[in-house]
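Let's take a walk through this model, starting in the middle and working outwards. Have the structure open as you read.

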Amino acid sequence: MGLFDKIKHAFVKDKEEEKQTEDTTQEILEEEKTDESAETDVAKSYETEEESEETAESTDFPVDEQEEIEEIEEEPVDTQEKYEKGLSKTRKTFKDRMNELFANFRSVDEDFFEEVENTLIGADVGFDTSMRIADELREEVKIKNAKKPAAVQNTIIEKLVDLYEEEGEMEVNELNVQQNDLSVFLFVGVNGTGKTTSIGKLAHQYRQEGKKVLLAAADTFRAGAIDQLVQWGERADVEVVRGNTGSDPASVVFDAMTRAKEEQADVLLIDTAGRLQNKVNLMNELDKIKRIIKREDPTAPHEVLLVVDATTGQNAMNQAQQFKETTDVTGLVLTKLDGTAKGGIVLAIRNELHLPVKLVGLGEGIDDLEVFDPNDFVVGLFKGLLQEE
Ligand SMILES: Nc1nc2c(ncn2[C@@H]2O[C@H](COP(=O)(O)OP(=O)(O)OP(=O)(O)O)[C@@H](O)[C@H]2O)c(=O)[nH]1
Ligand SMILES: [Mg+2]
């Protein structure tokens, strides 16, 4: 099944569920009219099968219904839910923009195609992507003779998804983790994008999986940077290899590589400076760090992860372009997706930069980092935009 078909499938399923919810709500409302103890009914409907099969003994001492409801509400949100919640602003903006586009819709003419271009650019999917989609739409509308707004909107989504799917054919979104051997991940990116935070979160995840994790504090330039990583190390319960502020970051990396090998660590995550005296210095320093890593382990670094802040939109794209030209970036960590409506840049990143997003930051907490699933991402983003034709 193609990606667009998956979205259509999810859309149809949602519609069915919506209808079912409507029906159930209707039933509940009707029951409420006849039954005064509606609260008990709601509590009962939360019972799992297991609970309803409880022994006679426990039925003798019924649990307080209120307590039972609270217990259920406290259950941790699952990953998919967190992911969808984090993207809600992006989804809403896409929807609003589409509504705006079609609010003034009269006919499919040249003005309309220009509006489509503007809408897509405004939704941060990238300039080239927007132009290309509008061009393809011109053709498609001619062929299909699609004139109804719903059909045109669905065609725009179809084109966007098809392009995204096509461009991602060779993309590897999984992190390059070495089995039974040390994995070295180098984190790079301009200041404030979320390098240190993402390292802390990832360290926590690996630690929870039972891996031996080491961190290297190779941002020796900014006062306070080392302490920040040390704090994350404490939170994630992992060791941090560090030097003094102002010391040579490459020597910290050397120490970290040596120690990781000695202690047979599974993962070494290296934090680097976001800002130096100037950009050339920064790139030279990253180069030197990479050389040291390679000298100690010719297969490493296994990932050079560029951390970009999604809230900065086009700026994040420009940074990625610059880093890509000077460093061998292997993937992106896209942070702060939770606080932004600019999630559309995931499409621009893929279609125009050809860099795989590998991790996404969905909040400031230690658990707010997810591996990126590109298909789930677009399904979540676009299924709410399809229209019944
Ligand atoms: N909402 C949200 N905030 C985030 C996320 N990731 C990082 N942040 C916040 O962004 C700010 C900067 O994060 P850092 O990890 O210090 O960024 P950095 O890249 O290490 O910055 P420098 O050390 O200055 O180069 C902090 O306040 C983080 O809490 C995210 O996914 N969502
Ligand atoms: Mg930092």
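Which residue in strand 4 is the bridge partner of Ala216? The bridge partner of Ala216 in strand 4 is Ile270.

## Ground rules

This is a predicted model, so to speak of local features pLDDT must be at least 70, side-chain atom pairs count only at pLDDT 80 or more, and totals for chains, interfaces and linings use all residues. Residues are numbered from 1 along each chain as its sequence is written, while chains are lettered from A and ligands numbered from 1 in the order in which they are written.

## Strand 2 and its partners

Strand 2 covers residues 213–218 (strands are DSSP runs of E with at least two residues, helices runs of H or I with at least four, both numbered from the N terminus). With strand 4 (residues 267–272) strand 2 pairs in the parallel sense over six bridges, and with strand 3 (residues 239–241) the pairing is also parallel, over three bridges. Pairing here takes at least two DSSP bridges between the strands. On the strand 3 side, Leu214 has Glu239 as its bridge partner.

Strand 2, helix 12 (residues 225–236) and strand 3 form a right-handed β-α-β unit: with the strands pointing away from the viewer, the path from the first strand over the helix to the second runs clockwise.

## Buried on both faces

Why is strand 2 largely enclosed by the rest of the structure? Because six of its six residues are buried, meaning 20 or more other C-beta atoms within 10 Å of a residue's own, with C-beta atoms placed from the backbone. Val213, Leu215 and Ala217 point one way, Leu214, Ala216 and Ala218 the other. In a regular strand, side chains alternate between the two faces of the sheet.

Leu215 and Ala216 also turn up, with Leu268 and Leu269, as the residues with the most contacts inside the largest nonpolar core, which has 93 residues. Such a core is a set of buried Ala, Val, Leu, Ile, Met, Phe, Trp, Tyr and Cys residues joined through C-beta atoms within 7 Å.

## Glu285

Glu285 sits in helix 14 (residues 279–296) and is buried, with 21 other C-beta atoms within 10 Å. Leaving out residues up to four places away in sequence, Glu285 touches Pro249, Ala273 and Leu276, where contact means C-beta atoms within 7 Å.

## Around ligand 1

There are 22 residues around ligand 1, counted by a C-beta atom within 6 Å. Gly194, Thr196, Thr197, Gly274 and Gly361 come nearest. Helix 11 (residues 195–208) gives the most to this shell, with three residues.

Terms used:
Buried ≥ 20, exposed ≤ 12 C-beta atoms within 10 Å, placed from the backbone. Contact = placed C-beta atoms within 7 Å.
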